[in-house]
Amino acid sequence: MSADIVDGKGADRQKAVMSAPSRSHFTLAGCRLGAKMALPVFPGYIVFAMAFGTAASQKGLPLTQAMGLSGFVYAGASQMVSLGMWQVSWTLSTLLTLMAVTAVVNARMILLGAALQPWLAKEPLWRSAINLFLVTEATWLIGTHYHQEGGRDVGVLFGLSVLLWIVWFVATVAGYFAGALVPAPERFGLDLVMPVFFGSMLVPLWKGAKPALPWLVAGAVALLVHAFVPGYLYLILGAVSGVIAGMLIE
Amino acid sequence: MSGVEQFIAGPWGGTIAIAAMTVATFLCRIAGALVMTRVTITPRIERGLRALPGSIILATILPILIDKGPTAFIGIAATIIVMAFTRKELAGLAAGLGTLTILRALGF
């Protein structure tokens, strides 16, 4: 069994795991346990959401749109990427491009949903819809860890997911106001919050040079397309080339 | 058609954009669970999707960095170095923005 990466103590969870029947079920106690298991990822969530809120206010989005993005889209990377493409006045083509870029950026979530499917299979549809609506890398990681230890209470996934969504939403608003309050934001590099934050995200993703080769392909293709084709096609072509490179490299 | 275009260009445009992103993202979130009952995700597809986050990051930030010049590169480098040592996003973010603040105060 892998080391307990989610929290140090885990006594509550251990108890819940041992008393759990082998079939999937849903309890309120599980929700509470899940909420507790979410605590360790609070800092990462708060920093990311605040960075997004700040970047959104720098970009000139109204607060309601920043809240809408965090509340409904609730996918940090695509939220950040969308800011670069955000328009004051939309056209059908900018809208469709935005949708395509969002789908490409969030395509990795297909893996998360697929991995959760066996656990959620017997759940009522509406609850699975909510659980999947709230899936992120972090909730998936904590939930999967619990599931691998033998836990079957879907309430755990639900509780931690709902709590983290609230944290994300509140921190977005806080970041928005923090960003809006700073005079002359370029002086503090705030115009570059998005790329700086994305840069920091590369570090935990780094698993050695070989798995990073597709990133290089993606970057090179993006630069090339960006130089010759106006618009945001470079994002889609760059990301898709990275995926293809990842499929080809053993 | 022009009615649609006009509506999109109007004050509801941002809301429609958020709705469009919400739909695209939700489809990604449920696709895996829906597809799992019919098809299996092959190791090859999984490898490809695993390469996606890093690919998106480089595809997003490299063109921005080229546009913004060496100052931006140094800021990101500082972020990555501090992040690699501390593993704390906040520390990495502070290092990057701090470096940019100093560079810009110096007139770069």
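Q: What makes helix 2 of chain A oblique to helix 10 of chain A?
A: In this predicted model, the axes of helix 2 (residues 28–38) and helix 10 (residues 154–181) of chain A cross at roughly 50° and come within 6 Å. Angles under 35 degrees count as roughly parallel and 65 to 115 as roughly perpendicular, with the rest, short of those over 145, as oblique; therefore helix 2 of chain A is oblique to helix 10 of chain A.

Q: Which hand has the crossing of helix 2 of chain A with helix 10 of chain A, left or right?
A: The crossing is right-handed. On helix 2 of chain A the contact includes Leu28(A), Arg32(A) and Met37(A), and on helix 10 of chain A it includes Val156(A), Phe158(A) and Leu164(A). The residues of this contact comprise 12 nonpolar, 4 polar and 1 charged.

Q: Why are helix 7 of chain A and helix 2 of chain B called oblique to each other?
A: The axes of helix 7 (residues 109–120) of chain A and helix 2 (residues 13–36) of chain B cross at roughly 50° and come within 6 Å. Since 35 and 65 degrees bound the range between roughly parallel and roughly perpendicular, the two helices are therefore oblique to each other. Helix 7 of chain A passes helix 2 of chain B in a right-handed crossing. Among the residues in contact are Met109(A) and Leu120(A) of helix 7 of chain A and Arg29(B) and Met36(B) of helix 2 of chain B.

Q: How many residues does each chain give to the contact between chains A and B?
A: Chain A gives 73 residues and chain B gives 63 residues. The side of chain A has 51 nonpolar, 19 polar and 3 charged residues.

Definitions and conventions
Residues are numbered from 1 along each chain as its sequence is written. Chains are lettered from A and ligands numbered from 1 in the order in which they are written. This is a predicted model: local features need pLDDT of at least 70, side-chain atom pairs count only at pLDDT 80 or more; totals for chains, interfaces and linings use all residues. Two residues are in contact if their C-beta atoms, placed from the backbone, lie within 7 Å. Ala, Val, Leu, Ile, Met, Phe, Trp, Tyr, Cys and Pro count as nonpolar, Asp, Glu, Lys and Arg as charged, and the others, Gly among them, as polar. Axes are lines fitted to C-alpha atoms, for helices over the stretch in contact, and angles run from 0 to 180 degrees between N-to-C directions. Helices (H or I, at least four residues) and strands (E, at least two) are DSSP runs, numbered from the N terminus. A crossing is left-handed if the near helix is turned anticlockwise from the far one by less than a right angle, and right-handed if clockwise.
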